[in-house]
Amino acid sequence: MAQARVKARSPRRESVFGERFTVFAESLLTGVWITVACLGLVTCPAAFAAGARHLRRRTSHVGGGLREFVADFRTAARAGWAVGLAGWVAAALVWVDVWAVRAGLPGGPLVGAVGVFALIAAAVALLRAAAVWTPGASWRSLVAAAARRTVLDPAGSFLIVGGLAVVALSALFVAPLAVPVLGVVAAAAVAVEERYRDR
């Protein structure tokens, strides 16, 4: 009788707090993986795409680990390196723009502000594209659709900007802390995209 009662019980579920803490801890670990994968500089979009896909698997209780992350990273990097290169070229142009503003060129402050805001918008669109990447997806179409969502969902885009600000402040105060926080930014991008899809 007691055995029948034990078999009838449903499996023990993790508490909501425990599940959320697990996702947070997984995000921090993913941040370390993303940082290592970003060392190639042009591989940043692929690293975030692999990290976001890993976090989507974990929150869906599908599993996954470092081996799957590496496989996704390799797949994403095949075409994603061009997106990464374009991102670094855009950042370099904004850097030149900021130096032109400091040199006192006429109209410089306005041009500098526009350049910085455009770079932030591009970073948000890139993170949103990486958050929904799947193997076989075209980076061009992902980034174009993400740019539209960046404009149409300003609240979600602002949340991602907040995550980027946390990374910048972490790097400013305690540089090693910025490494795991990159995973939290990837998790925020995934959450923003889920929120947008469910609207």
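Me: Where do I start with the word "partly exposed"?
Reply: Partly exposed covers residues between the two cut-offs, since buried means under 20% relative accessible area and exposed means over 50%. In this predicted model, Trp 99 has a relative accessible area of 45%, so Trp 99 is partly exposed.

Me: Is Trp 95 buried or exposed?
Reply: Trp 95 is exposed, at 55% relative accessible area.

Me: How many aromatic pairs does the structure hold?
Reply: There are two. The general idea is that a pair of aromatic rings is described by the distance of the centres and the angle of the planes. Take Trp 33 and Phe 69: their centres are 5.4 Å apart with 45 degrees between the planes, and this pair is tilted. Trp 33 belongs to helix 2 (residues 16-37) and Phe 69 to helix 4 (residues 66-102), so the pair links distant parts of the chain, 36 residues apart. Both rings belong to buried residues: Trp 33 has a relative accessible area of 14%, and Phe 69 one of 4%.

Me: Why is the pair of Trp 95 and Trp 99 edge-to-face?
Reply: Planes over 60 degrees apart count as edge-to-face. Here the planes stand at 70 degrees, with the ring centres 6.0 Å apart, so the pair fits that label. Trp 95 and Trp 99 are four residues apart in helix 4, and about one helical turn separates them.

Me: Which residue lies over the face of Tyr 196?
Reply: That is Arg 128, at 5.8 Å from the ring centre.

Me: What does the secondary structure of the whole chain come to?
Reply: The protein chain has eight helices and zero strands. Of its 199 residues, 34% count as buried.

Conventions: Residues are numbered from 1 along each chain as its sequence is written. This is a predicted model: local features need pLDDT of at least 70, side-chain atom pairs count only at pLDDT 80 or more; totals for chains, interfaces and linings use all residues. Side-chain values use heavy atoms; hydrogens and water are left out. Helices (H or I, at least four residues) and strands (E, at least two) are DSSP runs, numbered from the N terminus. Buried means under 20% relative accessible area, exposed over 50%, partly exposed in between (1.4 Å probe, protein chains only). Rings of Phe, Tyr and Trp (its six-membered ring) pair if their centres lie within 6.5 Å; planes under 30 degrees apart count as stacked, over 60 as edge-to-face and the rest as tilted. A charge sits over a ring if NZ of Lys or CZ of Arg is within 6 Å of the ring centre and within 35 degrees of the ring normal.
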